[in-house]
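Visitor: Could you take me closely through one part of this model and then relate that part to the rest of the chain? I would like a connected account, with the local backbone and the accessibility of the residues kept together.

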Amino acid sequence: MNKPLRRIAIFCGLLVLTLLLRDNYLQYVRADSLKDDPKNRRVTIARYATPRGDILVGGDPITGSTETSKSGLNDLKYKRTYKNGAMWAPVTGYASQAFGATQLESIEDGILTGNDDRLFFRKTLDMITGKEQQGGNVVTTLNAGAQKAAFEGLKKQGGKGAVVALEPSTGKILALASYPSYDPSSFAGNTNDDAAAWKKLQKKYNPNDPMLNRALRETYPPGSTFKVVTAAAALENGKYTSADERTDTPLPWIMPGTRTELKNEGNIPCENATMRVALQFSCNTVFGKIGSDLGNDKMLEEAKKFGFDSEQFTPVRATASVFSDDMNQSQTALSSIGQYNTAATPLQMAMVASAVANDGKLMKPYMVDSLQSSNLDEVAKTEPEELSQPLSPKNAQILQDMMQTVVEKGTGTNARINGVKVGGKTGTAQHGVENSENPYAWFISYAKLPDGSSPVAVAVVIEDESANRDDISGGGLAAPIAKNVMEAVVNAKK
């Protein structure tokens, strides 16, 4: 071979080698990033080429799929549908041809589309048999009756709010409701009507912000419901050892380092009151002084044991609730009655009630029980996981007794259920500049059956302009909703 031909052959060989290297780089190094690139329309086309698997509640689907209209240039074959979409939106999120996906629809997209690696055997079998690829199912922990009671209760109130219900022994989420809400079906497609529906739901055009998941993503001052955490801190640190030991609480009580008196709501028996009486009547002075005496560090330690200052993943992310550090005694006093910087999601306060009901053990909250292939084979299962132990069993039982007094003859009587022991705590959290706006109405509770088991713990928060400026508003507005949710769970156990 002469020299020019040899040079051409070497050059062509180098070109082939370069192409091979480039091809392997694209297939093995860049494959995932190219596959996930939002500009890669083939991924979107494939995602909507077949019906998605379903999200299940109690064995029944709350989602579906339907063929997209052939009009226009839409090349996406199927779009998502939802049953009682507004009620379930805080659980499902949405899957939209135009606007992507959120929450379970996004987190479990691989299962729902059938593309998850855990479905490899099923995909291979379908490929061999020539069967169209099918999505798997997401089996939730939700209780349909509890969710309906929660959503309808919020809707009846007419304001904004949220409800979370947990199974204390496992951490299963039984209800997750937020109001106002939205129907994900209204923008599941890719038409002008879908775009118009999406626009109407955005906060810029709708100040009620219906797409905000208030159960997981909104934090509120928890008000007097936080006194349950403060009572737990007092018991765990040995400041008081029983529900009926008199506290060292003068009246009036001036917050340390200030000339400001911490006031109670109305003429209630708070001077040197026992913790039982203080929780029953919701004495700010007693629990403010407990927090101040224990100090910021001990209060923060106890709050963190209940889950404060940490994001929770259910698997949908929940915003971290807040109990501040580096506070002086008076700031700690205010924080210990659920004011100042203290802020909590409804999920967080349900976790507080759940830990007390579960004899002091806090279980990690979760809403996905299992994942299934298209032929209903289980490919993953969530096992209950202990998150922390905020209270000893002995102290948890003392606190249960105190919370039951609140419901039996305190501010939470609207949550009574015949034949069931109910423990609870009302709360009315002030907000606005110099507390100028109407308060949030809170109620946290749990139910105990005659056999000693506790099937449900609940947190309810209501943003309502009609709320009264006293602690009864939590009992008047939020407690009836909590009662209905607990009854739904209890009745399902019968």
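Guide: Let me begin with Lys409, whose place is in helix H17, residues 393-409. The model is a predicted one, and in it Lys409 has a relative accessible area of 57% and is therefore exposed, the cut-off for that word being over 50%. From Lys409 one can step across to Phe281, which is 128 residues away along the chain, while the C-alpha atoms of the two are separated by 9.4 Å.

That step leads to the part I would like to look at closely, the loop between H12 and H13, where Ser282 is found. Ser282 has a positive phi of about 60°, although this residue is not a glycine. Its relative accessible area is 4%, and because buried means under 20%, Ser282 counts as buried.

The loop between H12 and H13 also holds Cys283, which is joined to Cys270 by a disulfide with an S to S distance of 2.1 Å. Cys270 itself lies in the loop between strand E11 (261-262) and helix H12 (275-281), whereas Cys283 lies in the loop between H12 and helix H13 (284-294), so that the pair, 13 residues apart, links distant parts of the chain. The torsion about the S-S bond of Cys270 and Cys283 is about -85°, and the disulfide is therefore left-handed. Both partners are withdrawn from the surface by the accessibility criterion: Cys270 is buried, with a relative accessible area of 1%, and Cys283 is buried as well, with a value of 0%. A search of the whole structure finds one disulfide. Elsewhere, Cys12 has a relative accessibility of 40% and counts as partly exposed.

A positive phi at a residue that is not a glycine is also found at Tyr340, where the angle is about 55°. Tyr340 lies in the loop between helix H15 (329-335) and helix H16 (346-357), and with a relative accessible area of 41% this residue is partly exposed, whereas Ser282 is buried.

Two further backbone features involve proline. The peptide bond from Leu251 to Pro252 is cis, with omega near 5°, and Pro252 is found in the loop between helix H11 (227-236) and strand E10 (253-254). The peptide bond from Thr314 to Pro315 is likewise cis, with omega near 20°, and Pro315 sits in the loop between strand E12 (312-313) and strand E13 (317-318).

Turning to the surface, Asp297, Glu301, Asp309, Asp325 and Asp326 gather there in a patch of negative charge. Of these residues, Glu301 belongs to helix H14, which covers residues 296-305, and with a relative accessible area of 45% Glu301 is partly exposed. A patch of another character is made by Ile10, Leu14, Leu17 and Leu21, whose nonpolar surface amounts to about 400 Å². Leu17 is found in helix H1, residues 3-29, and at 46% relative accessibility Leu17 counts as partly exposed.

To return to the part chosen for the close look, the loop between H12 and H13 brings together Ser282, with its positive phi, and Cys283, one end of the disulfide to Cys270.

Terms used. Residues are numbered from 1 along each chain as its sequence is written. This is a predicted model: local features need pLDDT of at least 70, side-chain atom pairs count only at pLDDT 80 or more; totals for chains, interfaces and linings use all residues. Side-chain values use heavy atoms; hydrogens and water are left out. Patches are made of residues with over 30% relative accessible area and no salt bridge: like charges are joined within 9 Å, nonpolar side chains (Val, Leu, Ile, Met, Phe, Trp, Tyr) within 5 Å. Accessible areas come from the Shrake-Rupley method with a 1.4 Å probe; for residues, only the protein chains shown count as cover. A salt bridge is a side-chain nitrogen of Lys or Arg within 4 Å of a carboxyl oxygen of Asp or Glu. Lys and Arg count as positive and Asp and Glu as negative; His and the chain ends are not counted. The place of a charge is taken as NZ of Lys, CZ of Arg, CG of Asp or CD of Glu. Helices (H or I, at least four residues) and strands (E, at least two) are DSSP runs, numbered from the N terminus. Buried means under 20% relative accessible area, exposed over 50%, partly exposed in between (1.4 Å probe, protein chains only). A disulfide is a pair of cysteine sulfur atoms within 2.5 Å.
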